[in-house]
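Got your viewer open? Let's take a short walk, one selection at a time.

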Amino acid sequence: MREISHKLAFAHDGKAARYSDVFDPNNGGVQARVALGDKALLDLAVEAAKKAQPAWAAVNPQRRARVMFNFKALVEKNMDELAHLLSSEHGKVIADAKGDIQRGLEVIEFCCGIPHVLKGEYTQGAGPGIDVYSFRQPLGIGAGITPFNFPGMIPLWMSGVAIATGNAFILKPSERDPSVPVRLAELFLEAGLPEGILQVVQGDKEMVDAILDHPDIKAVSFVGSSDIAHYVYKRGVDAGKRVQAMGGAKNHGIVMPDADLDQVVNDLSGAAFGSAGERCMALPVVVPVGEKTAIALREKLIPAIEALRVGVSTDAEAHYGPVVTAAHKQKIENWIQTGVDEGAELVIDGRGFKLQGHEEGFFVGPTLFDHVTTDMEAYKEEIFGPVLQMVRAESFEEAVSLPSKHQYGNGVALFTRNGHAAREFAARVDVGMVGINVPIPVPVAYHTFGGWKRSAFGDTNQHGMEGVKFWTKVKTITQRWPDGGSSGDSAFVIPTMG
Ligand code: NAD
């Protein structure tokens, strides 16, 4: 059986005491096994990183940026291979797998401009003969722990900014689709990154705990489900690290009575069912405002959902492919049953979906619930599958309150033609990323990504200037160059520069 291993800066036979299966979601079989690393392996990776990092931090930023330019070109050259590899382990369709890698590359493009954002600040004459300046320095060694659902984009969010700012970075990808991060690390080496600056350690909780406890790892960036994000945040902070930990989501799409319903149905189909709903910025909840909107929307939604094509991830006509594992498929189907038991109306049932010729694949058909209410567990929790829940609201006020009161606060979208309503909504909704007539409001790379409430622990977002701040520490210098005359009297009060 094919074995997937780590990408390290030292000789290693790739063997491990424990392995985890990597499935083929299209067919349901095991296609490979991945080595699960332990603390001893991490210690060696950290030693290699420690050796390499000071020289990398001393490389001038435009040379570090050049590695980013080279890497971008290499990823583009290898896009087809990367997308097929990603899709074969994750199950998302090829075009979507390319999008996954492309959104990561956009952060690399941001990193190509790293000299500009590291310029620092300077005040001449902050006091008599005194100048003050500040600049950002790397933290040293950072680590990233990533989820299965974006095996290209999220490792690049973290590694790009961490490396460009002069750190060494150790990535622990999801054990469910571990191959693409290894290929990306190989391409970084080909692009000119020195050995030891980016290493990939495979593993599960044992490796995560080793990362969180390692005294030489100064910062940890995590993306995954909320309970684990919270655990990682607490344990990492207790160990004295800087931690950003992004968690789960339950994003709402609010549909105002004046919205263009054909556009809404198009947008919702992609945002709720694309990537089989396995996106933290999916829109699994739709909230029509007013009974007339609900009736009209439902009428248009049903045929659109019934027309969705579920297929193998290499089917160019498929709207979405299988989910990642049999366990995840089971979890989604259990949530559908919970929704039924709690009294929601199951309008389209995707359970038991079989794709001809791929009967063992992890497919879930598109599912629609109506009359979902906020007391239902199936509404409160993240399902992370191709399941759209309709919650009917009577007024704009009620619609704004739903995402605001929800435990998650990652993304939200409002569909309307009314600029005033949109403006009010954006100002008042208690959610981190807002789309106005944009169903998946993932910010561009030079802005920043991060949710609120249980969707993120820690206070610094991913990429953009927030990412730069997370991976660096600021140093501020106050300097005076006396002209050689009297050194003046001692000052016993706090100096002011009045
Ligand atoms: P997950 O929480 O199961 O795994 C994430 C990472 O944590 C993996 O690397 C995994 O190996 C590790 N891990 C798993 N169990 C652990 C444990 N008990 N202790 C320590 N580490 C552990 O998440 P997933 O299923 O891979 O990804 C889907 C989740 O990620 C969803 O909840 C989704 O909303 C979320 N997500 C959030 C964002 C965001 O930016 N907010 C982005 C993408 C995905």
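**Around the ligand**

Start by selecting the ligand and the 28 residues around it (each with a heavy atom within 4 Å of it): E175, R176, S225, G247 and E382 come nearest. Before you go on, know that this is a predicted model, where local features need pLDDT of at least 70, side-chain atom pairs count only at pLDDT 80 or more, and totals for chains, interfaces and linings use all residues. Residues are numbered from 1 along each chain as its sequence is written, and side-chain values use heavy atoms, leaving out hydrogens and water.

Next, click on K172: one of its polar side-chain atoms lies 2.8 Å from a ligand oxygen. R176 also puts a polar side-chain atom 2.8 Å from an oxygen of the ligand. Now try E382, where an N or O atom of the side chain is 2.6 Å from a ligand oxygen. Taken alone, the ligand exposes 850 Å², and the protein buries 89% of that (accessible areas by the Shrake-Rupley method, 1.4 Å probe).

Then colour the shell by class: you'll get 14 nonpolar, 9 polar and 5 charged residues, with Gly counted as polar and Asp, Glu, Lys and Arg as charged.

Last stop: colour domain 1 (2-247 + 455-477) and domain 2 (252-436), with bounds from an automatic or database assignment. Both give residues to the shell, so the ligand lies between them.

Note on methods: Polar contact = N/O pair within 3.5 Å; in protein donor to acceptor, adjacent residues only side chain to side chain.
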